[in-house]
Amino acid sequence: MTEKLYEKDAYIKEFTATVLDCKPCDSGFMVVLDKTAFFPEGGGQAADIGVLDDAKVFDAQIENGIVYHYTDKPLKMGDKVQGKIDFDRRFAFMQNHTGEHIVSGIAHALFGVNNVGFHLGEDLVTIDFDKELTRDQLNEIEYLANQKVWQNLSINAYYPSEEELKNTDYRSKKEIDGAVRLVNIKDTDVCACCAPHVKNTGEIGIVKLLDTERMRGGIRIVLKCGAFALYDYRTKYENVSQISALLSSKQESAADAVKKLDEKYTLEKQKINEFKKKISELTIAAVDENANCLFVDNCDTKDLQLIADKLHKTYGGIKGAFSGNNENYSFAICGEDTELQEFFNKFKGELTVRGGGRGGMVQGTVIATQENIKLFF
Ligand SMILES: [Zn+2]
């Protein structure tokens, strides 16, 4: 079994170890050491990355107590190697992970909900609780969790004796094979967990609950702590400050200002649609009834459909509306369906046409000059 330095001390960034085994594998090489500070994926936490001498370690997994380091270069058996983990990344994970313990512990104590799933992503944690929680309840949990951070409580991770374990009330996500490792956050929570945590709650910095999602009678909560919460705040601050500057509003009321803008936009859109309708009516009224196709500037497919339909209903026969530039036009053509389909097949046969339709209307695009289209009609 590999000696797990990360279990004894979660703050070891560099270490020296002996290579016991190195085998090629699909993604590179699998290296076994006598001891390691690389935390292998487990307990919902991602594996550490870093280097062993000049070989990159991009993953670490554990099987039967042996940690396998996945590297891009082979290492010589028997050699002593210098290991170095990406500690900024690991520490941010430790902040997120320890914050998760506090949030789950408080939610359990306060509202009797159980953590039934937990995932530590690259920059956030998701926690699945087996019961729904309201925003007010979540705010209460969040505030109490931050209070625990401000109190800078000690955190102890240890393997209890069988007797001790029997007499300890602790949370556990699932049945655990082998020895149970407990993580005790003073006056807050005791939970079985194998991952590295911070030593004192103050190191977490901040605990922030974000989006929620209902799921199977419960709730999924996104959580960010420490460094990840800081980056999140920075990004959101940048966004809100830009939005409020654009709308000349206070940052606190940026959402109201956007809502007002959206209402105004909806009204303007309605007005534009009414104008478009009027313009199409006026255009049609001014058309020679013998003209079978009409070229109009700046129309989208919806406008073209409206015009072609009006033309057909007013004058009968097959009528088309086109919009575009020199040799590339969008179109809508209306007519009695059987006659129209026959017409459209010929249209496709003679010109470069994409599109189709049914029920007395076809639409699409055509690559041809205005003269050629007119000639065809
Ligand atoms: Zn943990």
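**Close-up views of a predicted model**

**View 1. Lys 276 lies in helix H6, which spans residues 254-285.** In this predicted model, Lys 276 has a relative accessibility of 29% and therefore counts as partly exposed, since that class lies between the 20% limit for buried residues and the 50% limit for exposed ones. When neighbours within four places in sequence are left aside, Lys 276 is in contact with two acidic residues, Asp 300 and Asp 303. Tyr 159, by contrast, is separated from Lys 276 by 117 residues in sequence and by 75 Å in space, taken from C-alpha to C-alpha.

**View 2. Four protein side chains supply the donors of the zinc ion.** The donor atoms are NE2 of His 97, NE2 of His 101, SG of Cys 193 and NE2 of His 197, and they lie 2.0 to 2.2 Å from the zinc ion. Along the chain, these donors follow the spacing H-x3-H-x91-C-x3-H. Two of them link distant parts of the chain, because His 97 sits in helix H2 whereas His 197 sits in the loop between strand S13 (189-192) and strand S14 (207-215), 100 residues apart. The angles among the four donor atoms run from 94 to 125 degrees, and the site is tetrahedral. For four tetrahedral donors, the ideal angle at a metal is 109.5 degrees. Both of these histidines are buried, His 97 with a relative accessibility of 0% and His 197 with a relative accessible area of 7%.

**View 3. Thr 98 is a buried residue of helix H2.** The relative accessibility of Thr 98 is 1%, so this residue falls under the 20% limit for buried residues. Not counting residues up to four places away in sequence, Thr 98 touches Ile 155, Ile 185, His 197, Val 198 and Ile 204. One of these contacts, His 197, is also a donor of the zinc ion through its NE2 atom.

**View 4. Helix H2 (residues 87-111) crosses helix H5 (residues 226-246).** The axes of the two helices come within 6 Å and cross at roughly 95 degrees, which means that H2 is roughly perpendicular to H5, a description that covers angles of 65 to 115 degrees. On the side of H2 the contact is made by Ala 92, Phe 93, Gln 95 and Asn 96, and on the side of H5 by Gly 226, Ala 227 and Phe 228. Sorted by class, the contact of H2 with H5 has four nonpolar and three polar residues, with no charged residues.

Technical notes: Residues are numbered from 1 along each chain as its sequence is written. This is a predicted model: local features need pLDDT of at least 70, side-chain atom pairs count only at pLDDT 80 or more; totals for chains, interfaces and linings use all residues. Side-chain values use heavy atoms; hydrogens and water are left out. Axes are lines fitted to C-alpha atoms, for helices over the stretch in contact, and angles run from 0 to 180 degrees between N-to-C directions. Helices (H or I, at least four residues) and strands (E, at least two) are DSSP runs, numbered from the N terminus. Angles under 35 degrees count as roughly parallel, over 145 as roughly antiparallel, 65 to 115 as roughly perpendicular and the rest as oblique. Contact means heavy atoms within 4.5 Å. Ala, Val, Leu, Ile, Met, Phe, Trp, Tyr, Cys and Pro count as nonpolar, Asp, Glu, Lys and Arg as charged, and the others, Gly among them, as polar. Donors are N, O and S atoms within 2.8 Å of the metal (3.2 Å for Na, K and Ca); water is not among the atoms, so sites may look incomplete. Four donors count as tetrahedral if all angles lie between 85 and 135 degrees; four count as square planar and six as octahedral if opposite donors are over 155 degrees apart and all others between 65 and 115; anything else is irregular. Buried means under 20% relative accessible area, exposed over 50%, partly exposed in between (1.4 Å probe, protein chains only).
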